[in-house]
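Here are my notes on the model you sent. Please read them with the coordinates open.

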Amino acid sequence: MSPPTRTVALFDIGGTLASVVLSPGGDRIEHLAVYPDVPEVLEDLRRRGARLGIVSDPGPVPHEEVDRALEEAGLRDLLDPDLVVYGAKDSPRVFEQAVARAGAVDRALFVGEDAGERAHALRAGLLVAPHPRLAVAVLEGDPLRYLRVTVPPAHAGEDWRAALGDLPLLPLHATGRTGTTVHAIGTPSAAALLDDLGFEVDRLGAEDEPLTTDLYLLRDDRRVDSGFLVPDGSSAGLFGTGDAARAVLASTGDGLLVAVPAGRSVEAYHLDSSRHGHDLKLSPVAAPVVPEDDHPGLRGPAAVPPTVTPEERDLLEAAIRPEHITGHLARYTGAAPARGGGELITSRHVHHPDNGAAVSALVADLQEIGGGAFLVRRHRFPHEGRRLENVEAEFPGRDLDGVVLVTAHMDSTGARQAGYRPSVDPAPGADDDGSGVAGVLAAAEAFRALDTARDVPRRTVRFVLFNAEEHGLVGSSAYARDQARLGTPIVGVFQMDMIGWDALPDRTFEVHAGISTSPAVEGRSLALARTVADLVPQVSPALPAPQLYPHGEEADPGEARSDHHSFQVNGYAACLVSEDLFAGPGPGAPPAEMNPRYHLPTDLSIDAGYAADIARLVTAAAWVTATS
């Protein structure tokens, strides 16, 4: 059955139809790149008689600037001019305005990735879908629900992934060795077809729950540490009764699957005694299937010669010193005014007004460091009803032969503090992840020094600071998914997350490359990790050899716990470099050395010498990868 003739389909822009990159000032669209699968969806809807429109909140971007970007991207001709509506989507009002403009209609649909916006659209009487892939199914009257699809063990080695791509199904997250369990949003017809194909299909939650919720994986590390049959987890206290109890869809080996409703923050479910990266927002991946033999990330080198010249070593030593780390850190923890405006940044939490100030300060820092050589931009994405931004500075390479990323996350939280109020209370986040922010800024300075002496690197390098990592890798997931959908040939991602705490006499640090769902991606990520390890004696001899994961048959405890994971699930090689967050590897390894101020307002200081050694090492690995 096709949708009725009098049908209207309205779309959000950023993250739904296209990747949106803003100017340094945030008031101009530098690039609006339509996702490759979007034109086919829009044309299909038009063939079915639907009129197409936009409901978008451009913020400080002038409306005519959005019109220009839509025109240049080739979308404007597909849209009904009367159905391009701009305004805040924090209430049903703008959706009601859009429907009023449409006139008499039988069905009106809003497609957008933000659950809060979809909830407002529902209250305005519209149908809603979380992704263009599901638009036709919703217009045809199909409900949506969360599904857990598992391949029977006897068939794990078969080519089963292609079957998912032919269904009204939106994959969100894979787990298990080689990813044979997939969490998704789908229709009852999709679930029934999967039944008939022989998959094991669990219907999770209620019908249409995905319309106004986001699915999260919450890891209860206290329960894992206490062991089986010991009632020492956090679930009973958080999810034992009331609305919170109804939010839990399943308990799995990876953690609790929780459908967080629109208007409620995932931070309301901060589990006690959890370790780094304890929550993960399950967001759509770039495509149902990423061909292992045809991914742009495979076009990089199979191995990188882990060598720097004496001149490069001296430049790295001079450019990344403890005082450089301390200077950068002070501006993002409230110890010194931010560059340009003179204000103090007391928190980088996504609910705090200083988060926007931190974005602007990072833009100013990277522009000054680049001295005109960097292309500095903002990458916008929605989360919990807010317009948030990642910050990217691109250093163009000589050849079009891949992209190397040096990354960290810019946001912070004090959620372990009893009674913490994220919109007003301080969250300096010096170690988590102010240390990584300082490391990325120092790396950018070092690349400029190396460029002056050694020429522009062969490959393009990007220095990227991600927002909303503390809410489940949200900013990096949006960024990595965009890059994969647009075919960006990323050959390596080096993530620094918590590189500033080392209190015990013997220095330790870790490099994580594990992704159990994809042996091919894990192998390429391990090549990056070994490059980091091999460069230790050359550029940071005060450090020991890193604790490298995965180790033998031992799983990587840092898997999916920082922003490198967002790239791995989209097929890119990536690794995380951190302080000693986890015990191991191996039974004889020292215990973890977790920062006791983790996620507290008292996270105010770091060991700048230790952080400089790690930042210098990561920078060297990125330089070698970019120049080889």
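**Notes on helices, sheets and one loop**

1. Start with helix α12, residues 322-332. This is a predicted model. The buried residues of α12 are I325, H328, L329, A330, R331 and Y332. What do they pack against? Their partners are α13 (354-370), α14 (430-454) and α18 (608-627). Just after α12, G334 has a positive phi of about 85 degrees.

2. Next, α15, residues 474-485. How many of its residues are buried? The count is 12 of the 12, so α15 is largely enclosed by the rest of the structure. Charged and polar names are on that list too: R481, D482, Q483 and R485 are among the buried residues. So are G475, A478 and Y479.

3. The length of α15 checks out. At 1.5 Å a residue, its 12 residues should span 16 Å. The end C-alpha atoms are 17 Å apart, which agrees. Just after α15, G487 takes a positive phi of about 80 degrees.

4. Now the sheet with β8. It is open and has 4 strands, in the order β9-β10-β8-β11, with antiparallel pairing. β9 (169-175) and β11 (200-204) are the edge strands, and each pairs on one side only. Neighbouring strands are turned by 25 degrees against each other on average, direction ignored.

5. Look at the β8 and β10 pair within that sheet. Strand β8 (residues 145-150) runs antiparallel to strand β10 (residues 181-186), and 6 bridges join them. R148 stands opposite H183 in β10. Helix α7 (residues 188-197) packs on this sheet and touches β8, β9, β10 and β11. The direction of α7 makes about 155 degrees with that of β11.

6. A second open sheet also deserves a look. Its 4 strands follow the order β13-β14-β12-β15, and the pairing is antiparallel. Which strands stand at the edges? They are β13 (248-251) and β15; each has a single partner strand, so one side of each is left without a neighbour in the sheet. The twist averages 25 degrees from one strand to the next. β13 and β14 run antiparallel and are joined by 3 bridges. A250 has L257, in β14, as its bridge partner.

7. Last, the loop between β14 (256-261) and β15 (279-281), where A268 is found. Is A268 buried or partly exposed? A268 is partly exposed, because its relative accessible area is 35% and the buried class ends at 20%. A338 lies 70 residues from A268 along the chain, and their C-alpha atoms are separated by 30 Å.

Terms used
Residues numbered from 1 in each chain as written. Predicted model: local features only at pLDDT ≥ 70, side-chain atom pairs only at ≥ 80, totals over all residues. Heavy atoms only, no water. Helix = DSSP H or I, 4+ residues; strand = E, 2+ residues; numbered from the N terminus. Buried < 20%, exposed > 50% of the residue type's maximum accessible area, 1.4 Å probe, protein only. Contact = heavy atoms within 4.5 Å. Expected span 1.5 Å × (residues − 1). Pairing = 2+ DSSP bridges. Axes fitted to C-alpha atoms, helices over the stretch in contact; angles between N-to-C directions.
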